[in-house]
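Hi,

Here is the model I promised to pass on. Please have a look through it when you get a moment.

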Amino acid sequence: MTATIVNAIAVLLGTALGLLLKKSISPSFRTIVMTSSGAITLILGIQMALTMGSAIAVLFSLLIGGFIGYALRIEDRVLALGQKIGGKGADGDFGKGFLNASLLFCTGSMSIVGSIEAGTTGDWELILVKSIMDGFMAIVFAASYGRGVAASALTVLVYQGFFTLLGGWIGPILGDAGITAMSATGGVLLVFLALGLLGIKQIETGNFLPALVLAPVMQYLYSLLPI
């Protein structure tokens, strides 16, 4: 768990620096920060999405996961959770910062593979690299959304901690193909997120979270097809 704790601390430190910068930047510069974070998120998402083994598996994961997410109103519930974490003084951006930063920090293969490696072999290298990246992105996101980004450190602890503690059991079940499918699906979710950051189209990305869970299943089912 030490590597995951370091990752969460990096997010908190990045958020603190981003909040300091937010107080000193003008509204026009804030627009530049938002556009820059959207562009970076878009590039990261595309890179992750291009790793997909099966476009069909990812497509069905998104379709079925999206239906489930919208039926359960997952995004509304996550935003409400963010507001509760922020307390009475939290504004609307707190929940958005919590949700968007959590998506950014936890949807990539580095989260899964790095956590499994840290838990099973004691190799922290991948998570430490991710921690540096997350810290810098936390600066940018905190400058855009405020202190809600800090709450995503809790998501990092729970999500990556899960894979660290149970990695020896989960890793073989997911397999390389399953992890690749999760990463590719997460990349698509980051593209959705980036479109909103860039002001192109607002998508309730949180409602597609079940697709991450479904991705390894869809990939396995696809592998059984006689094609």
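Below are some notes on its helices.

This is a predicted model, so local features need pLDDT of at least 70 and side-chain atom pairs pLDDT 80 or more, while totals for chains, interfaces and linings use all residues. Residues are numbered from 1 along each chain as its sequence is written, and side-chain values use heavy atoms, leaving out hydrogens and water.

Helices are DSSP runs of H or I with at least four residues, numbered from the N terminus. Axes are lines fitted to C-alpha atoms over the stretch in contact, with angles from 0 to 180 degrees between N-to-C directions.

Helix α1 (residues 2–24) packs against helix α7 (residues 125–145) at about 30°, the axes being 7 Å apart. That makes the two roughly parallel (under 35 degrees).

The axes of helix α6 (residues 109–120) and helix α8 (residues 148–197) come within 7 Å and cross at roughly 130°. That makes α6 oblique to α8 (neither under 35, over 145, nor 65 to 115 degrees).

Helix α9 (residues 210–223) has a kink of about 30° centred on P216, the bend being the angle between axes fitted to the seven residues ending there and the seven starting there. P216 is also one of the buried residues of α9 (under 20% relative accessible area, 1.4 Å probe, protein chains only).

The unreviewed UniProt entry places "transmembrane region" at residues 42–72, 179–200 and 207–225; such annotations may be inferred rather than shown by experiment. In the model, residues 179–200 are 86% helix and residues 207–225 are 74% helix.

Best wishes

Conventions. Buried means under 20% relative accessible area, exposed over 50%, partly exposed in between (1.4 Å probe, protein chains only).
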